[in-house]
Amino acid sequence: VNSIVNNEKDLFLWLSFLDLNVLIIIVLMLLIAIINIGSAMLVIIVVRTNFIGILKALGTNNWSIRKIFLLQALFLILRGMFWGNLIGLGLCYLQIKFGFVSLNPEVYYLSTVPIKIDLSHWIMLNIGTIIICLSALLLPSYVVTKISPNRAIKFD
């Protein structure tokens, strides 16, 4: 008795490459998200330099100011994730319902691209994205500690 894995080694090797492609795509998307939200954080800090100077002059510690900007960044991340999830899940629903992305059934043994949405994977991906992006924003938020109050208040 032979298993299908032994009989169809090439097919299962090809399927394992697809899993690797998915992982590479997710990592690239996370890197792009980190770079974009990091640059957005730096822009927010530069725009609010006067505000940072006033808060420091009033005696606010650096970590409290950093938390303000991290919460603003979290709001931006959540808003972007909302729209990204809405569009992505909408496209998945349309594919499941109407199958607008078709395949050659003679080659792939399927007429349309199959989609399976696993709720636990979707939740873990969203939570992981939030955690990774906020962790990556700790470094750009460190810029706040380098701003001196007297220069920031004069900054316009």
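## A pocket, a short helix and a few side chains

Let's begin with the largest pocket, which is lined by 43 residues. Nearest its centre lie Val22, Ile26, Cys92, Lys116 and Leu125. Keep in mind as you look around that this is a predicted model.

How big is the volume of the largest pocket? It is about 1800 Å³. Helices H2, H4, H5 (105-108) and H6 (119-136) each supply at least two residues of the lining. Which helix gives the largest share of that lining? H2 does, with 13 residues.

Now turn to helix H3, which covers residues 49-57. Its buried residues are Thr49, Ile52, Gly53, Leu55 and Lys56. Why do these buried residues line one face of the helix? If you look down the axis of H3, they fall within an arc of 165°, so they sit on one face. What do they pack against? Their partners are helix H2 (9-47), helix H4 (62-98) and helix H8 (149-154). After H3 comes Gly59, a residue with a positive phi, near 105°.

Next, find Ser141, which has its place in helix H7 (residues 138-141). Is Ser141 buried or exposed? Its relative accessibility is 0%, so Ser141 counts as buried. The side chain of Ser141 is joined to that of Arg66 by a polar contact of 3.0 Å. Leaving aside residues up to four places away in sequence, Ser141 touches Met41, Ile45, Arg66 and Leu70. Arg66 therefore appears twice in this part of the story: as a residue that Ser141 touches and as its partner in the polar contact.

Finally, look for aromatic rings that pair up. To describe such a pair, you give the distance of the centres and the angle of the planes. How many aromatic pairs does the structure hold? There is 1, and its members are Phe82 and Trp83. Their arrangement is edge-to-face, with 5.2 Å from centre to centre and 75° between the planes. The planes count as edge-to-face because that class takes angles over 60 degrees.

How accessible are the two ring residues? The table sets them beside Ser141.

| Residue | Relative accessibility | Counts as |
|---|---|---|
| Phe82 | 47% | partly exposed |
| Trp83 | 49% | partly exposed |
| Ser141 | 0% | buried |

The cut-offs make the table easy to read: buried means under 20%, exposed means over 50%, and partly exposed lies in between. At 49%, Trp83 is therefore partly exposed, and so is Phe82 at 47%.

Technical notes: Residues are numbered from 1 along each chain as its sequence is written. This is a predicted model: local features need pLDDT of at least 70, side-chain atom pairs count only at pLDDT 80 or more; totals for chains, interfaces and linings use all residues. Side-chain values use heavy atoms; hydrogens and water are left out. Buried means under 20% relative accessible area, exposed over 50%, partly exposed in between (1.4 Å probe, protein chains only). Helices (H or I, at least four residues) and strands (E, at least two) are DSSP runs, numbered from the N terminus. The arc is that of the directions from the helix axis to the C-beta atoms. Contact means heavy atoms within 4.5 Å. Rings of Phe, Tyr and Trp (its six-membered ring) pair if their centres lie within 6.5 Å; planes under 30 degrees apart count as stacked, over 60 as edge-to-face and the rest as tilted. A polar contact is a pair of N or O atoms within 3.5 Å; within protein, one must be able to donate a hydrogen and the other to accept it, and residues adjacent in sequence count only if both atoms are side-chain atoms. On a 1 Å grid over the protein atoms alone, a cavity is a set of points where a 1.4 Å probe fits but cannot get out, and a pocket is an open set with protein on both sides within 12 Å along at least five of seven lines; lining residues have an atom within 4 Å of a point. Grid points are joined across faces, edges and corners, and a volume is the space filled by probe spheres set on the points.
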